Amino acid sequence: MECRNATAAVIGAGDFIGAAIAKKFASEGFTVFTGRRKGEKLAPLVAEIEAAGGQVVGRSLDARKEEEITAFLQDADAAAPLEVCVFNIGANVNFPLLETTERVFRKVWEMACYAGFLTGREAARLMLPRGRGNIFFTGATAGLRGGVGYAAFASAKFGLRAVAQSAARELGPKGIHVAHLVIDAGVDTAWVRERIRQAAGDGPMPDRLLMRPAAVAEAYWALHQQANDAWTFEHEIRPAGETW
């Protein structure tokens, strides 16, 4: 493992995509700062990265709170220069329009859009003096088109995409690579497989319809490695069998 004098921060380091991104960047020699609402749930991820010889810090983090995201990223940058910041908070919920309460709509927006704005702004504040860095936002198909029951989630993801696009146009000429990743499929987990089985009844499990977290993490790594004369802004990824 090549040790780098650089930090990668993962905001929304959940058990699947977020954890896989953290493990990938740690395996490439980055010091990785991971944050999620219930920080105690990061213990297995921290143990796994450390057992593999990686450097990792796990913290409880409410990314909707300006002071918390600011302190989290400042601490990451103090450990080693912040080179990569990944915003990976999902907030995927489905409610019929008339059952979407004011509280649900606001909380989903806070988690999936407002927190992304705070993350991107504070990461840029740290990266701009050095004229380099990568800020990646995890999006979804809902950020490209609304769907039945997704008024809250789609509007938040549309907003996140707009934040990312605005940031990319402003920060790109200043050396900061901003990218928005459209994750267009379910992630291969036991819970998702069980939902597919229930929907399919006794039928066979559809092949090539789920994305392995490790494969998704490779997409983030590939973006990080791009030369600045061929940067990607929007990167759609899906498994081979996905209909789109």
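In what follows, Ala, Val, Leu, Ile, Met, Phe, Trp, Tyr, Cys and Pro count as nonpolar, Asp, Glu, Lys and Arg as charged, and the others, Gly among them, as polar. The structure is a predicted model.

**Exercise 1.** Determine how the residues lining the largest pocket divide by class, and which element gives the most to that lining.

*Solution.* Start with the pocket itself, whose volume is about 1800 Å³. Of the 49 residues that line this pocket, Gly-90, Ala-91, Asn-92, Phe-153 and Val-187 are the closest to its centre. Sorting the lining by class then yields 23 nonpolar, 15 polar and 11 charged residues. Finally, among the elements that each supply at least two lining residues are α1, β5 (133-140) and α5 (151-171), while α6 gives the most, with 5 residues.

**Exercise 2.** Repeat the sorting for the second largest pocket.

*Solution.* This pocket has a volume of about 200 Å³, and of its 18 lining residues, Asp-15, Ala-19, Ala-20, Lys-23 and Leu-45 lie nearest the centre. The classes come to 10 nonpolar, 1 polar and 7 charged, with α1, α2 and α7 each supplying at least two residues of the lining.

**Exercise 3.** Decide whether Thr-70 is buried or exposed.

*Solution.* Locate Thr-70 first, in helix α3 (residues 66-79). The cut-off for buried is under 20% relative accessible area; Thr-70 has 17% relative accessibility and therefore counts as buried.

**Exercise 4.** Identify the residues that touch the most other members of the largest nonpolar core.

*Solution.* Among the 33 core residues, these are Ile-21, Phe-25, Phe-30, Val-32, Phe-136, Ile-183 and Tyr-220. By element, α1 gives the most to this core, with 7 residues.

How values were computed: Residues are numbered from 1 along each chain as its sequence is written. This is a predicted model: local features need pLDDT of at least 70, side-chain atom pairs count only at pLDDT 80 or more; totals for chains, interfaces and linings use all residues. Side-chain values use heavy atoms; hydrogens and water are left out. A nonpolar core is a set of buried Ala, Val, Leu, Ile, Met, Phe, Trp, Tyr and Cys residues joined through side-chain atoms within 4.5 Å. Buried means under 20% relative accessible area, exposed over 50%, partly exposed in between (1.4 Å probe, protein chains only). Helices (H or I, at least four residues) and strands (E, at least two) are DSSP runs, numbered from the N terminus. On a 1 Å grid over the protein atoms alone, a cavity is a set of points where a 1.4 Å probe fits but cannot get out, and a pocket is an open set with protein on both sides within 12 Å along at least five of seven lines; lining residues have an atom within 4 Å of a point. Grid points are joined across faces, edges and corners, and a volume is the space filled by probe spheres set on the points.
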